There are 2 protein chains.
Amino acid sequence: MTDSAIPMRPFAKSLPMALLQARETTMRSFRPMLAHHGLTEQQWRVLRALAAAPNDGLQVSRLADQTFLLGPSLSRILAGLERKGLVTRLVVVSDQRRARISLTPKAVDLVRRIAPQSEERYGEIEAKLGPDRYQALLTMLNELAQLELLGALPEQEVS
Amino acid sequence: MTDSAIPMRPFAKSLPMALLQARETTMRSFRPMLAHHGLTEQQWRVLRALAAAPNDGLQVSRLADQTFLLGPSLSRILAGLERKGLVTRLVVVSDQRRARISLTPKAVDLVRRIAPQSEERYGEIEAKLGPDRYQALLTMLNELAQLELLGALPEQEVS
DNA sequence: ACGCATTGATGCACATGTTAACCATCTCTG
DNA sequence: CAGAGATGGTTAACATGTGCATCAATGCGT
């Protein structure tokens, strides 16, 4: 009785599930490499964002935006990276609530070593999917991310 | 010095990041609805898979496959759902390692109430993205998920 | 029957996701 | 210029993600 009577899109055609599965497939390719360097996926996102940032670093909130990490997660991650000697934190004198996070030279070296391996993975995915399809996929994903969907922000009324 | 010298694909063109962002956008539309019913996203995945399963239920490993949850996560989630009276667990007599998980009538009712709201969300996404693009996106995501990427399974050699 | 690798599932440890509460600083207004 | 509110970050608490160890039940070869 549990089946047959509940009309619902099959799991396989669920966009969120497809996105989840696709991401898992790609990340399974990256994670072992990062683990080999003692980094988690999120720690790498932080290092990577900082590597592309201006030399005086980024403040925590900007870093959170760029890495799609929430504040509390980022706080913990930064504490860990600081303990590892990979990032430094400088309080902004003009507004002492803010801090600027930068990479240490040690971290810059690390990023330099990882980057080419990372590019290899991207290259493999792009090649196996086909450059044209890869681009098309990126385009559609970005378009999807721009959608403004109902119920996302306000307290929506449910039935 | 931290920037400019490390050649790396910009964050925005990173496929894993695009997948993450796209998934976040879609899930932001679903989560409030599920929270309103006291369910997390993962709990809903479990209920949904069970609702589509045969009446005698699914064993834990199959459920893990279908929901893309790892064993340990699923163990904890099932314990929670059992505590809430939403699933039951029956040990298989012929092989006592296995258990069959099924929905309780209470859970079936719950799924029945949530399903139409869920379909609404899917419909909105499909409509706003365009049915043709939606299908194309699903197709490419499934294709991506099927890729066999290096480093995913064996101990890969890193430099 | 016996040893023994395999399988289904859980336990453990650590890192992150998520929400709410909290704290320090700053800004604005009266 | 004091006090309310806004802002940037962190802390806390709980659930999940992830990899590894564990454990019991099973199947298999001899």
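Trainee: How many salt bridges does a search of the whole structure find over all chains?

Mentor: This is a predicted model, in which local features need pLDDT of at least 70 and side-chain atom pairs count only at pLDDT 80 or more, while totals for chains, interfaces and linings use all residues. Residues are numbered from 1 along each chain as its sequence is written, chains are lettered from A and ligands numbered from 1 in the order in which they are written, and side-chain values use heavy atoms, with hydrogens and water left out. A salt bridge is a side-chain nitrogen of Lys or Arg within 4 Å of a carboxyl oxygen of Asp or Glu. Over all chains, the number of salt bridges found is 22.

Trainee: A:Arg31 forms a salt bridge with A:Glu24; which other side chain does A:Arg31 meet in a salt bridge, at what N to O distance?

Mentor: The bridge from A:Arg31 to A:Glu24 has an N to O distance of 2.9 Å. The other pair links distant parts of the chain, with A:Arg31 in helix 1 (residues 15–36) of chain A and its partner 10 residues apart, in helix 2 of chain A; helices are DSSP runs of H or I with at least four residues, strands are E runs of at least two, and both are numbered from the N terminus. The partner is A:Glu41, at 3.0 Å.

Trainee: Is A:Glu41 buried or exposed, and with what relative accessible area?

Mentor: Buried means under 20% relative accessible area, exposed over 50% and partly exposed in between, with a 1.4 Å probe and protein chains only. A:Glu24 at 27% is partly exposed, as is A:Arg31 at 29%. A:Glu41 is buried, with a relative accessible area of 9%.

Trainee: Which residues are linked with A:Glu24, A:Arg31 and A:Glu41 in a network of salt bridges?

Mentor: A:Arg31 bridges to A:Glu24 and also to A:Glu41. The network further takes in A:Arg23, A:Arg28 and A:Arg45.

Trainee: How are the rings of B:Phe30 and B:Tyr122 arranged?

Mentor: The structure holds 2 aromatic pairs over all chains, a pair being rings of Phe, Tyr or Trp (its six-membered ring) with centres within 6.5 Å, and planes under 30 degrees apart counting as stacked, over 60 as edge-to-face and the rest as tilted. B:Phe30 belongs to helix 1 (residues 15–36) of chain B and B:Tyr122 to helix 5 (residues 105–129) of chain B, so the pair ties together parts that are 92 residues apart in sequence. B:Phe30 is buried at 3%, and B:Tyr122 is buried at 3%. With centres 5.0 Å apart and planes at 55°, the pair is tilted.

Trainee: Which side chain has an N or O atom 2.5 Å from a phosphate oxygen of DNA strand C?

Mentor: DNA strand C is surrounded by 25 residues, each with a heavy atom within 4 Å of it, and 63% of the strand's atoms within 4 Å of the protein belong to sugar or phosphate. At 3.3 Å from a phosphate oxygen is a polar side-chain atom of B:Arg31, and at 3.0 Å is a backbone N or O atom of B:Ala99. The side chain at 2.5 Å is that of B:Arg89.

Trainee: With which side chain does that of A:Asp95 make a polar contact?

Mentor: A:Asp95 lies in the loop between strand 2 (87–91) and strand 3 (99–103) of chain A. A:Asp95 is buried, with a relative accessible area of 16%. A polar contact is a pair of N or O atoms within 3.5 Å; within protein, one must be able to donate a hydrogen and the other to accept it, and residues adjacent in sequence count only if both atoms are side-chain atoms. At 2.9 Å, the partner is A:Arg97.
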